[in-house]
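Reader: Hi! I am new to looking at protein models, and I would love a close look at the salt bridges in this one. Could you walk me through them slowly?

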Amino acid sequence: MKEYEILHDTGKCRKLVKKINDMVKNGWDAKSIGAGFSGVYVLMEHES
C-alpha cells in the first residue's frame, strides 16, 4: 500500500493528503499528482 506525505504545505495540503491516504486505504490508487498555477490536481484510480 502506498502512502503519500506532504513536502510543502500552503494551507490546504494536509486535508488533501489525508483524504488521499484515506482513499488509498480503501483500495484507491493515486495515478497522477501534479501542481500548476491554478492549484493541485490528483487523479485517483480504483480497481473495479
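Author: Happy to! One term will help us along the way: a residue counts as buried when its relative accessible area is under 20%, as exposed when that area is over 50%, and as partly exposed in between. Please also keep in mind that this is a predicted model.

With that in hand, take Asp22. Its relative accessibility is 32%, so Asp22 counts as partly exposed. Asp22 forms a salt bridge with Lys18, and the closest N and O atoms of this pair are 3.0 Å apart. Why can two such side chains pair up? Side chains of opposite charge can do so when their charged atoms come close. In the sequence, Asp22 and Lys18 are four residues apart within helix α1, which means about one helical turn separates them. Lys18 has a relative accessible area of 54%, so Lys18 is exposed.

Right beside Asp22 in the sequence is Asn21, and its setting is worth a glance. Asn21 also belongs to helix α1, which covers residues 13-25. Here the relative accessible area is 11%, so Asn21 is buried. If we set aside its neighbours within four places in sequence, Asn21 is in contact with Glu3 and Tyr4.

How many salt bridges does a search of the whole structure find? The count is three, so let us turn to the others, beginning with Lys31.

Lys31 meets Asp29 in a salt bridge, with a distance of 3.7 Å from N to O. Lys31 also forms a salt bridge with Glu45, where the closest N and O atoms are 3.7 Å apart. Lys31 sits in strand β1 (residues 28-36) and Glu45 in strand β2 (residues 39-46), so this pair ties together parts that are 14 residues apart in sequence. Put together, Asp29, Lys31 and Glu45 are linked in a network of salt bridges.

How open are these partners? Lys31 has a relative accessible area of 47%, so Lys31 is partly exposed. Glu45 is at 37% relative accessibility and therefore counts as partly exposed too.

Helix α1 and strand β1 turn up once more in the largest pocket, where each supplies at least two residues of the lining. The helix α1 gives the most, with four residues. The lining has 13 residues, and those nearest the pocket's centre are Glu5, Ile6, Leu7, Val17 and Ile33. By type, the lining divides into ten nonpolar residues, two polar and one charged.

Conventions
Residues numbered from 1 in each chain as written. Predicted model: local features only at pLDDT ≥ 70, side-chain atom pairs only at ≥ 80, totals over all residues. Heavy atoms only, no water. Buried < 20%, exposed > 50% of the residue type's maximum accessible area, 1.4 Å probe, protein only. Contact = heavy atoms within 4.5 Å. Salt bridge = Lys/Arg side-chain N within 4 Å of Asp/Glu carboxyl O. 1 Å grid on protein atoms, 1.4 Å probe; cavity = no way out; pocket = protein on both sides within 12 Å on 5 of 7 lines; lining within 4 Å. Nonpolar A, V, L, I, M, F, W, Y, C, P; charged D, E, K, R; others polar.
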